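These notes are meant for a colleague who is opening this structure for the first time. Please keep the sequence and the 3D view at hand while reading the numbered points.

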Amino acid sequence: MTEAVDTAPLRAHVRLLGDTLGKIIRGNAGEAVFQRVEDIRLRSKEAQESDTWSALDELLASLEEQEFLVIARAFSQFLNLANIADQQHTTATDTAQHFSAIATLEKALSALQADADVSAIEAAIDKLKIDLVLTAHPTEITRRTLIHKHRALSDCLAQLDRDVNSVISRQQTQRRIADLIAQIWHTEDFRTRRPTPVDEARWGFAVIENSLWDAVPQFLREVDHVCDVFSLAPRGPDWRPIALSSWIGGDRDGNPNVTALVTREVLLLAQWQACELFSFDISLLYEELSASTATDTLIATASGAREPYRAILKPLLVTLRRQKQALEEALNQGASAPESLRPESLLEPLQMCFDSLMACGLVEMARGSLLDTLRRAHCFGPYLIQLDIRQESGRHCSVLSAITQTLEIGDYNDWTEEQRVTWLHAELANPRPLIPRGCRFDAKDQEVLETFDIIAATPPAALGAYVISMASSASDVLAVQLLLKSTGCSLRMQVVPLFETLSDLQGAASVVGALLKDDQYRARINGKIMVMIGYSDSAKDAGMLAAGWAQYRAQESLLQTCESHGVDLTLFHGRGGTIGRGGAPAHQALLSQPPGSLAQGLRVTEQGEMIRTKLGMTRLAVNTLGQYAGAILQANLMPPPEPTPAWRALMDSLAATSCEIYRQWVRDDPQFVAFFRQATPEQELADLPLGSRPARRQTGGGIESLRAIPWIFAWMQNRLMLPAWLGAGESLQRALDDGQRPLIQEMLQEWPFFRARLSMLEMVFAKSDHSISAHYDALLVEQELVPVGERLRAQLQHDIDTLLAIIGSPGLLAHDSWAQQSIGLRNIYTAPLNLLQAELLRRVRSDSNPVIQQALMVTMAGIAAGMRNTG
């Protein structure tokens with residue numbers, strides 16, 4: 001059972017925001033439109049209670065074309081406002097005891113003290129590492145101006161919570177809320193053109209500026225507090241448990257819009273943003289640190305200045321401002337990029353001031369704003385983020401093929417894996433240049449080499465990992481290392497294979513084992529290796545349950561392989577926000593991983609809409625970091641149990657059965673692809689300006705060429721949620737029929753991995769909707785394909801019944817009234833968007849026009865907002 005949470009303040013905030021939005025719609029769109037919105041809302045509420053949609057459907061079908069956009073915006077904006085209220089509620093004082101970073105860490109440390117000694121806890125905290133990797137997402141391109149307004153609204157709600165007894169102050173705050181909602185209503189929801197990768201990068205940097213910049217030092221202060229409560233040693237300013245990385249502007253896998261020039265621009269833009277933020281911080285410190293008491297060392301460095309701290313900080317401030325100006329000229333006027341600042345140039349003056357204040361007994365001054373800035377300098381540095389580069393393995397093969405043909409030693413693409421590995425090892429050890437003069441490359445190959453040139457020209461500290469998507473062999477990794485060497489890049493850059501499909505996951509350990517057998521390779525990696533586990537494509541390939549078990553087993557076998565070679569393994573988790581892409585509540589997801597998988601810390605993608613949900617507000621981000629930190633400490637000091645042989649055998653069987661069922665539908669059913677394209681907005685998604693990356697890796701093809709994000713996004717939109725459950729429930733039912741109920745119950749009670757799978761299934765089932773899915777079919781699907789949807793919905797209901805029987809519950813989320821209320825509230829506003837979207841899809845497929853397209857895009861973003869972690 002979850003702890004009861006008082007939702008009355010949340011309901012009051014939602015009511016206030018909704019009423020304010022209604023007044024603005026009435027005042028700007030007119031009484032008739034407002035009444036339309038209200039009629040739709042009331043009929044939706046009635047439909048939710050009666051499960052009869054005909055009255056609401058008739059009302060939506062009667063809308064005039066010019067009404068579609070305003071109706072869609074009304075419901076979409078309400079869901080955005082509800083999310084803001086929800087996020088504020090989880091960080092409010094009255095509910096902080098359930099969600100705060102302090103509460104999470106204190107709970108974890110209380111549990112750990114019973115099983116681990118203080119030195120072990122101290123060591124685990126010292127090793128704590130959380131690397132958040134921001135990625136773009138086609139459903140979350142909220143304009144930067146709207147992000148600012150959403151944050152301001154959240155601040156207003158927090159102010160209302162504080163001003164319970166001040167009538168005048170509450171009235172002022174409510175007026176500000178009305179002002180902000182009016183601004184939002186009169187601001188275009190989306191840009192009219194598809195965002196560029198640079199636009200997406202600016203969005204990511206806005207999240208850092210508006211949230212993470214303050215969240216990181218706040219989180220570290222809360223860790224300080226918890227350490228003090230538990231009599232643990234305080235952490236110094238150089239303790240760096242948080243790292244920020246990004247794929248935005250570096251991920252070129254299947255995205256021709258991410259070029260070498262784009263990557264260069266994003267790197268420069270990140271440095272500009274860092275200069276902007278640090279300039280502001282240092283100028284504040286300059287004003288505050290007016291003390292004259294200092295150590296002899298600091299006074300000497302400051303040339304005897306009466307205000308030595310200001311004398312130390314002034315040159316740093318000047319340097320940051322000059323660098324910012326030079327970066328602006330490089331970005332806007334095509335000037336040469338300035339030499340990058342070194343991290344030491346930022347850290348040394350701040351550390352010198354900190355050391356002097358501490359030595360002089362001015363502890364409060366040292367551990368005030370200065371400590372926060374010093375910690376930011378360690379986390380963000382002068383580059384703001386570390387940019388990963390991602391490229392598909394075949395693109396490297398193409399470059400090497402051109403080189404080997406020019407050298408007249410054959411075609412690399414035609415060689416066996418053994419021939420490739422032998423040649424790559426030899427070339428990596430060969431000091432001569434690899435790329436011959438006059439070697440001709442086509443445009444795509446040249447682009448790959450230009451990306452390596454950008455890497456070579458960039459300070460290593462500004463870069464993260466080089467990720468190889470669709471990696472399946474040792475040569476895929478060695479190829480990138482050879483190209484790094486041949487273009488003058490540092491071979492210390494981590495080259496990370498990404499294992500994505502079911503077969504690649506199953507072969508991951510053998511690939512890594514083949515690499516680690518080579519002494520020279522082990523020398524190059526300096527005893528550390530990173531491997532990325534792909535959640536999205538494996539789930540799309542095999543279904544959620546089979547993919548989840550393959551990911552678990554891959555991690556286990558990789559850990560064993562690396563341990564046998566004396567190499568530290570960092571697992572990089574490519575999770576999405578959706579259940580079908582590996583998403584789950586953070587604490588639950590981490591504690592369900594194999595023992596030892598977090599020993600080197602956590603590196604995880606934070607994707608699209610989940611960035612705003614988990615990191616979009618400072619307090620939310622602090623709490624998210626607390627969830628991650630508490631789970632990592634708990635997993636490392638109190639690891640989950642190893643699965644027993646009986647559990648493994650049953651999971652092997654469940655995975656095989658669920659994969660077979662999933663593929664029978666997705667690959668073998670001749671009507672499935674046609675049904676998918678008619679019953680969901682998959683085709684239309686590719687045409688809308690929602691993200692910079694194409695929906696497919698290559699043009700044409702069926703489901704296999706479709707990216708995991710639009711695959712899952714499309715099924716979420718029509719509320720069938722198919723990728724997150726297909727195959728899982730039926731495989732469980734067959735196990736029950738085979739007499740495995742006692743073993744299933746044992747696994748549910750004792751194994752966090754299995755319990756997490758069923759918990760995720762329950763959440764997905766609670767957000768699915770049979771009648772809405774059927775409505776899409778009725779409007780959009782050819783008659784001969786209608787039985788496909790009917791069979792899928794029958795399977796969905798059967799799977800729900802199976803799950804409820806296993807967990808012994810009378811209904812979905814019966815144990816979690818908060819989640820039930822949250823979903824029920826949103827459904828009142830999400831359902832009209834679903835029905836409206838179905839009508840818009842019907843119209844757009846016969847006669848598209850810009851108004852319909854715009855309204856359709858609003859419904860997509862609105863439904864994603866309403867569904868939260870399934871967008």
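1. A convenient place to begin is Tyr 286, where Arg 310 lies over the face of the ring, at 5.3 Å from the ring centre. Lys 314 also lies over the face of Tyr 286, at 5.5 Å from the ring centre. Please bear in mind, here and in every point below, that this is a predicted model.

2. Turning to the aromatic rings, the count comes to 22 aromatic pairs. One of these is formed by Trp 213 and Phe 278, which meet edge-to-face, with 4.8 Å from centre to centre and 75 degrees between the planes. The pair links distant parts of the chain, since Trp 213 belongs to helix H10 (residues 197-229) and Phe 278 to helix H11 (residues 260-288), and the two are 65 residues apart. Both partners deserve a look for their surroundings: Trp 213 has a relative accessibility of 4% and counts as buried, and Phe 278, at 1%, counts as buried too.

3. Which kind of pair do Trp 213 and Phe 380 form? Their ring centres are 4.8 Å apart and their planes stand at 35 degrees, so the pair is classed as tilted. Because Trp 213 lies in helix H10 whereas Phe 380 lies in the loop between helix H15 (363-379) and strand E3 (386-392), this pair ties together parts that are 167 residues apart in sequence. Phe 380 is itself buried, with a relative accessible area of 4%.

4. Elsewhere in the chain, ring pairs join several aromatic residues into a cluster, whose members are Trp 549, Tyr 552, Trp 647, Trp 751 and Phe 753. It is worth displaying these five side chains together when inspecting the model.

5. A final point concerns Ser 245, which is found in strand E2 (residues 242-246). Is this residue buried or exposed? Ser 245 has a relative accessible area of 0%, and because buried means under 20%, this residue is classed as buried. Its side chain is joined to that of Asp 131 by a polar contact of 2.9 Å. Leaving aside residues up to four places away in sequence, Ser 245 touches Asp 131, Leu 132, Val 133 and Leu 134, and also Ile 385, Gln 386 and Arg 603.

Notes
Residues numbered from 1 in each chain as written. Predicted model: local features only at pLDDT ≥ 70, side-chain atom pairs only at ≥ 80, totals over all residues. Heavy atoms only, no water. Helix = DSSP H or I, 4+ residues; strand = E, 2+ residues; numbered from the N terminus. Buried < 20%, exposed > 50% of the residue type's maximum accessible area, 1.4 Å probe, protein only. Polar contact = N/O pair within 3.5 Å; in protein donor to acceptor, adjacent residues only side chain to side chain. Contact = heavy atoms within 4.5 Å. Phe/Tyr/Trp six-rings, centres within 6.5 Å; stacked < 30°, edge-to-face > 60°. Lys NZ or Arg CZ within 6 Å of the ring centre and 35° of its normal.
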